[in-house]
Amino acid sequence: MRVRALRFGEDVKMARVGFIGLGNMGGGMAANLAKKGHDVRAFDLSADALDKARAAGCLPVASAREAADGAEAVITMLPAGAHVEQVYRESVLDVALPSAILIDCSTIDVATAKRVAEQATAKGLVAVDAPVSGGIAAASAGTLTFMVGGSNEAFERARAFLADMGKAVIHAGVNGAGQAAKICNNMILGAEMIATCEAFVLAHKLGLDAQAFYDIASVSSGQSWSMTSYCPVPGVGPETPADRDYQGGFAAALMLKDLRLAMEAAESVDAEVPMGARARELYEAYAGAGNGARDFSGIINMLRDKP
Ligand code: NAD
């Protein structure tokens with residue numbers, strides 16, 4: 001890693017970073033690395049994403065291979081496991097420097113995360129899974145939480161880069177543990193959001209004012225993140241996507257993706273997840289009715305209308 005002269009009060013190590021996948025999340029993350037002084041070689045299949053990356057201080061390159069070649073860290077932020085496996089197989093594993101750290105920040109299935117790390121190890125390379133909590137706003141503000149799966153040494157090497165894109169970097173365990181933490185966390189979130197929504201719906205039908213119910217539940221045992229940080233009722237609690245007609249925020253389609261990954265993982269280890277399974281069914285119904293792009297808290301409208 002090359003080190004440039006530090007400005008007063010600054011602790012920035014400038015490194016060559018290959019960044020592959022510049023979508024809603026990756027675009028902001030790559031921009032933050034560039035802002036911190038890294039030499040970011042960025043690639044995406046979309047020309048528009050490449051233009052935005054250039055405007056944000058990255059150097060757009062012509063292929064994923066070119067992004068990975070010579071990089072000290074190769075970061076991927078792609079839609080699903082199949083994309084990550086393909087990009088690693090065709091563009092990363094053959095060209096990465098033996099000293100490079102490979103960091104996949106996408107949310108993918110645990111099995112693929114482990115397999116990709118094994119393929120990297122077989123080539124003498126070091127890889128971690130590092131999925132994120134926090135949405136598009138956190139990606140562009142540099143306030144993501146990263147949950148990292150990999151060896152102690154790999155974690156330390158990845159941390160230097162992840163810290164430049166987030167507010168917390170946590171070592172979850174061995175390869176695959178980051179993805180396990182991510183889907184278990186989001187399985188809680190999906191079930192908890194539905195429970196919060198149905199409580200507001202029932203409270204309303206029982207004649208309770210939403211604000212009065214919020215004032216009570218938010219300081220009682222019904223309190224949760226879905227209640228006090230992301231209240232699904234417009235005009236109640238802090239400003240949330242509910243106040244913007246459920247636009248922006250965390251799309252129901254992405255919640256459904258994470259719940260499906262959680263169910264797949266639960267099946268692979270024979271775990272009982274009845275609440276997670278029901279949450280997946282309800283998000284399947286909500287997203288399937290044309291609401292996939294709406295914020296996941298919008299499921300309150302489906303519950304009001306009785307599915
Ligand atoms: P996105 O669809 O906006 O971006 C994915 C990008 O990958 C696209 O720009 C696409 O062109 C690019 N891509 C696909 N295949 C490629 C390839 N072979 N080579 C290069 N680029 C390729 O998705 P996103 O919202 O940025 O999400 C990325 C990942 O982060 C997903 O795994 C998602 O589950 C996870 N995530 C998203 C959020 C969120 O709020 N959006 C929050 C947490 C985690």
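In this predicted model, an oxygen atom of the ligand sits 2.9 Å from a polar backbone atom of Asn24. Backbone atoms turn up as partners elsewhere too: a ligand oxygen is 3.0 Å from a polar backbone atom of Thr107, and one is 3.2 Å from a polar backbone atom of Pro79. Taken on its own, the ligand has 840 Å² of accessible area, and the protein covers 85% of that. Two helices give two or more residues each to the surrounding shell, namely α4 (81-92) and α11 (252-268).

As for the rest of the shell, 23 residues surround the ligand. Asn24 is listed among the closest of these, along with Met25, Asp44, Leu78 and Lys257. Sorted by class, the shell comes out as twelve nonpolar residues, eight polar ones and three charged ones.

Now for the domains. The assignment splits the protein chain into domain 1, covering 16-174, and domain 2, covering 180-303. Both have a hand in holding the ligand's surroundings together, in the plain sense that at least three shell residues come from each of domain 1 and domain 2.

The two domains also meet each other directly. Their C-alpha centres are 29 Å apart, and eleven residues on the domain 1 side are in contact with nine on the domain 2 side. Roughly speaking, about 730 Å² is buried between domain 1 and domain 2, with carbon and sulfur atoms giving 66% of that area. On the domain 1 side, the residues that lose the most area to domain 2 are Thr107, Val110 and Met147, which together make up 51% of what that side buries. Thr107 thus shows up in both settings: its backbone has a polar atom 3.0 Å from a ligand oxygen, and the residue is also among those that lose the most area to domain 2.

Conventions:
Residues numbered from 1 in each chain as written. Predicted model: local features only at pLDDT ≥ 70, side-chain atom pairs only at ≥ 80, totals over all residues. Heavy atoms only, no water. Near = heavy atom within 4 Å. Polar contact = N/O pair within 3.5 Å; in protein donor to acceptor, adjacent residues only side chain to side chain. Areas by Shrake-Rupley, 256 points an atom, 1.4 Å probe, with all protein chains shown as cover. Helix = DSSP H or I, 4+ residues; strand = E, 2+ residues; numbered from the N terminus. Nonpolar A, V, L, I, M, F, W, Y, C, P; charged D, E, K, R; others polar. Domains from an automatic or database assignment. Contact = heavy atoms within 4.5 Å. Buried area = accessible area lost by both parts, 1.4 Å probe.
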